[in-house]
Amino acid sequence: MAYRQNPQRRRDELQKLYDLLNEKIVRLRTARIIETDAAILFRLDKQIEEAQTEHDKIAQQIDSLDKALEQGY
């Protein structure tokens with residue numbers, strides 16, 4: 001995998017993706033606050049759930065890379 005060759009580069013890429021997903025979640029939550037249609041609310045809830053799941057996975061990957069970098073991997 002690419003991160004084996006350069007873990008810091010991989011971590012930076014993951015951090016960018018993490019930040020983008022964080023922005024997406026904020027925007028979806030903002031849209032949910034002002035929405036009144038039940039079908040759209042349901043769709044927004046599912047999109048928030050999916051984005052949060054991906055966000056959490058990336059956070060775990062970043063944590064793993066941070067630990068590897070601390071150990072001099």
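Which residues are linked with Arg10 in a network of salt bridges? The views below are taken from a predicted model, and the answer to this question is given with the first of them.

**View 1. A network of salt bridges links Arg9, Arg10 and Glu13.** Within this network, glutamate 13 pairs with arginine 10, and the closest N and O atoms of the two side chains lie 4.0 Å apart. Both residues belong to helix H2, where a spacing of three residues, about one turn of the helix, separates glutamate 13 from arginine 10. Glutamate 13 is partly exposed, with a relative accessibility of 40%, and arginine 10 is likewise classed as partly exposed, its relative accessible area being 27%.

**View 2. A salt bridge joins aspartate 66 of helix H3 to arginine 11 of helix H2.** The closest N and O atoms of aspartate 66 and arginine 11 are 2.5 Å apart. Because aspartate 66 lies in helix H3 and arginine 11 in helix H2, this pair ties together parts that are 55 residues apart in sequence. Arginine 11 has a relative accessible area of 17% and is therefore buried, the cut-off for that class being under 20%. Aspartate 66, at 21% relative accessibility, counts as partly exposed.

**View 3. Arginine 27 and glutamate 23 form a salt bridge within helix H2.** The side chains of arginine 27 and glutamate 23 meet with an N to O distance of 2.8 Å. The two residues are four positions apart in helix H2, a separation of about one turn of the helix. Arginine 27 is exposed, with a relative accessible area of 59%, whereas glutamate 23 is partly exposed, with a relative accessibility of 38%. In general, side chains of opposite charge can pair when their charged atoms come close. For the model as a whole, the count of salt bridges comes to six.

**View 4. The largest nonpolar core has seven residues.** The members of this core are Leu14, Leu21, Ile25, Ala51, Ile58, Ile62 and Leu65. Helix H2, which runs over residues 7–34, and helix H3, which runs over residues 38–70, each supply at least two residues of the core. The most is given by helix H3, which contributes four residues to this core.

Methods: Residues are numbered from 1 along each chain as its sequence is written. This is a predicted model: local features need pLDDT of at least 70, side-chain atom pairs count only at pLDDT 80 or more; totals for chains, interfaces and linings use all residues. Side-chain values use heavy atoms; hydrogens and water are left out. A nonpolar core is a set of buried Ala, Val, Leu, Ile, Met, Phe, Trp, Tyr and Cys residues joined through side-chain atoms within 4.5 Å. Buried means under 20% relative accessible area, exposed over 50%, partly exposed in between (1.4 Å probe, protein chains only).
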